[in-house]
Amino acid sequence: MSNNDVHLARYITIAADIAEKIVRGEYQEGQKVFGRSTLAGKYSVSPETIRRALTLLQEVGIVDVAPGIGVVVKSVAEAQNYLHDFDQRLVLAGIHEKLHQLVKERDRLNNEISKLMEELLQHTYQLESRLNKIEEWKVLTDSPLVGKMLAETELNDSRVLAILRKGQGDIIDPSPDSLILAGDILTIYGRLDTAAREGLVRL
């Protein structure tokens, strides 16, 4: 029987191993099995661990532990019953352990989701704040800006991100010496004051 995926107390697994040996016939009813020291060496555990394993087997009627006599096999049938119950405990322990792992993983994922949600909201707020400052303005035919370079206008104090010119497409990040023509659509980051809006209409 394998319990590699389930963590049980060592004395419990030792008790199950001894019971299995009894069921397989390695230890006969009425036979005296090894003493505590020998079993401790065999299983590489302390004598106290062996004592707890043997106490458990004695409580369920598989062995008798008598001072001066030692450990004697009492019942193969009880050993079979114990192994059946032990298998059920393994199943339950496995379910509990798997559930515990899943709950931990769920908590980890929930924590990760919360962090990502917070980060998403923060970036969304920053993006919306930035987008709210971006405006588009159309240059009218009679605008005093027509024929001037950006550097010669009050728009130079704002951030002109692009100029959309009919038939030419977008002029991205125009230079200060870019000319402004009638019909141009200016994409501006920031708000224009009243003076800068003369001859412009907001889209």
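# Notebook: looking through a predicted model

I began with the whole chain, and found that 31% of the 203 residues of the protein count as buried. I note at once that this is a predicted model, and I keep that in mind for every entry below.

**Entry on the overall layout.** I looked up the secondary structure, which comes to 4 helices and 7 strands, and when I read along the sequence I found the pattern α-α-α-β-β-α-β-β-β-β-β. I then turned to the surface, where the accessible area of the protein comes to about 13,100 Å², and I wrote down that 53% of this area belongs to carbon and sulfur atoms. For the contacts in the protein with a separation of 6 or more, I found that residues 24 or more positions apart account for 68%.

**Entry on the hairpin.** I went next to strand β1, residues 63-66, and strand β2, residues 70-73, which run antiparallel and are joined by 4 bridges. Which residue in β2 is the bridge partner of V63? I traced the pairing and found that the partner is V73. The two strands, β1 and β2, form a hairpin with 3 residues between them, and in the turn I noted G68, whose phi is positive at about 85°.

**Entry on the open sheet.** What is the order of the 5 strands in the open sheet? I read the order as β5-β4-β6-β3-β7, with antiparallel pairing. The strands β5 (169-172) and β7 (200-202) stand at the edges with a single partner strand each, so one side of each is left without a neighbour in the sheet. I also looked up how neighbouring strands of this sheet are turned against each other, and the average is 30° with direction ignored. At the β7 edge, I followed the pairing with strand β3, residues 134-139, where 3 bridges join the two antiparallel strands, and there I found K138 standing opposite V201 in β7.

**Entry on the nonpolar cores.** The largest nonpolar core has 27 residues, and those with the most contacts inside it are I18, I22, I50, L57, I62 and Y82. I checked which elements give two or more residues to this core, and they are α1 (10-24), α2 (36-43), α3 (47-59), β2 and α4 (76-131). Which of the elements gives the most to this core? I found that α1 does, with 7 residues. I then picked out L57 and, leaving aside its neighbours within four places in sequence, listed its contacts as A15, I18, A19, I62 and V63. Apart from this core lies another one, of 13 residues, and W137, L145, V160 and A196 are among them.

**Entry on two positive phi values.** I looked for backbone angles that stood out, with a general point in mind: most residues other than glycine have a negative phi. S44 is not a glycine, yet its phi is positive at about 55°. I placed S44 in the loop between α2 and α3. Is S44 buried or exposed? With a relative accessible area of 66%, S44 is exposed, and the cut-off for that word is over 50%.

D173 is also a residue other than glycine with a positive phi, near 50°. I found D173 in the loop between β5 and β6 (185-189). The relative accessible area of D173 is 45%, so I entered this residue as partly exposed.

Definitions and conventions
Residues are numbered from 1 along each chain as its sequence is written. This is a predicted model: local features need pLDDT of at least 70, side-chain atom pairs count only at pLDDT 80 or more; totals for chains, interfaces and linings use all residues. Side-chain values use heavy atoms; hydrogens and water are left out. Two strands pair if DSSP finds at least two bridges between them. Axes are lines fitted to C-alpha atoms, for helices over the stretch in contact, and angles run from 0 to 180 degrees between N-to-C directions. A nonpolar core is a set of buried Ala, Val, Leu, Ile, Met, Phe, Trp, Tyr and Cys residues joined through side-chain atoms within 4.5 Å. Buried means under 20% relative accessible area, exposed over 50%, partly exposed in between (1.4 Å probe, protein chains only). Contact means heavy atoms within 4.5 Å. Accessible areas come from the Shrake-Rupley method with a 1.4 Å probe; for residues, only the protein chains shown count as cover.
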